[in-house]
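Got the viewer open? Let's take a short walk through this one, one selection at a time.

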Amino acid sequence: MHPYEQRLADNLPDVLARVDAAKSRGRFGQAVRLVAVTKGHSVDAVRAAVAAGLTDCGENRVQELADKVDALGRRSVTWHLIGHLQRNKVRKAIELFEFVHSIDSPRLARELSKEAVAAGIIVRGLIQVNASGEVAKGGIDAAGDTDVAIAAVREIIDLPNLEIGGLMTMAPFVAEESVLRATFRRTRELLERSAAAIPAFTGRELSMGMSNDFEIAIEEGSTMIRLGTILFGERTK
Ligand SMILES: *Cc1c(COP(=O)(O)O)cnc(C)c1O
């Protein structure tokens, strides 16, 4: 057995049990989709994920995604782009992923929309929000004025050939539970308020939670968790 397969055989059942336990502690009764974050790992990690029954893989760089798609094919798994996307890589990227979690500005959304129209496709994704107030973090500011945030969401929702499935956030990496919880809650509240204010916004996905905070994220309503380290170990590149 490949080391990645061994690791998943050892760890995945426990991770899935923790997901279920967190769901039952929460009050949302939501389905939770697991995106296996294979960035920094070889294509063998993707193969091991597939062998373990996982269907969704996440990458944060366009070139690394392109390399894996080259090796394994576009349809090997459902590919998610989860990292910051530079506008000059949009045209290439939309041919590779099924779902982009990191639409972090109206400017990037306009570029995605433009290229989607040109290619005659619908691009599906999530609006990334910064709900922690950290200055270095990308995304629509969800920690400040709600009306300003909703206006940005509305601008993105109105763009052609973009299908916005909901919101994504990243919590501060090292933080107390109360800070993590507040970050996820703020994201959920922005989704609820945006949906109430914008009838055309029908997406209800919340991509929240990584290896160190996925249980809290699920308790706060996450429908998609992005797990790397806990599944595949420390990244090597
Ligand atoms: C790397 C990454 C993850 C996975 O992080 P782990 O802590 O390894 O689970 C999740 N989301 C995003 C946006 C990432 O860049």
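Before you click anything, keep in mind that this is a predicted model. Start by selecting the ligand together with Arg235: a polar atom in the side chain of Arg235 sits 2.8 Å from an oxygen atom of the ligand. The protein wraps this ligand well, covering 93% of the 390 Å² of accessible area that the ligand would have on its own.

Now add Lys39 to the selection. An N or O atom in the Lys39 side chain is 2.6 Å from an oxygen atom of the ligand. Next, pick Arg226, where a polar side-chain atom lies 2.8 Å from a nitrogen atom of the ligand.

Which other residues surround the ligand? Light up Val37, Ile82, Met168, Met170, Met210, Ser211, Leu227, Gly228 and Thr229, and together with Lys39, Arg226 and Arg235 you have the surrounding set. Color that shell by class and you'll get 6 nonpolar, 3 polar and 3 charged residues. If you then hide the ligand, the space it takes up is the largest pocket.

Last stop: salt bridges. How many does a search of the whole structure find? The search turns up 21. To look at one of them, select Asp56 and Arg33, whose side chains meet in a salt bridge with an N to O distance of 3.0 Å. This pair ties together distant parts of the chain, 23 residues apart: Asp56 belongs to strand β2 (residues 56–59), while Arg33 belongs to strand β1 (residues 33–37).

Definitions and conventions
Residues are numbered from 1 along each chain as its sequence is written. This is a predicted model: local features need pLDDT of at least 70, side-chain atom pairs count only at pLDDT 80 or more; totals for chains, interfaces and linings use all residues. Side-chain values use heavy atoms; hydrogens and water are left out. A residue is near a molecule or strand if one of its heavy atoms lies within 4 Å of it. A polar contact is a pair of N or O atoms within 3.5 Å; within protein, one must be able to donate a hydrogen and the other to accept it, and residues adjacent in sequence count only if both atoms are side-chain atoms. Accessible areas come from the Shrake-Rupley method with a 1.4 Å probe; for residues, only the protein chains shown count as cover. On a 1 Å grid over the protein atoms alone, a cavity is a set of points where a 1.4 Å probe fits but cannot get out, and a pocket is an open set with protein on both sides within 12 Å along at least five of seven lines; lining residues have an atom within 4 Å of a point. A molecule sits in a cavity or pocket if more than half of its atoms lie within 2 Å of its grid points. Ala, Val, Leu, Ile, Met, Phe, Trp, Tyr, Cys and Pro count as nonpolar, Asp, Glu, Lys and Arg as charged, and the others, Gly among them, as polar. A salt bridge is a side-chain nitrogen of Lys or Arg within 4 Å of a carboxyl oxygen of Asp or Glu. Helices (H or I, at least four residues) and strands (E, at least two) are DSSP runs, numbered from the N terminus.
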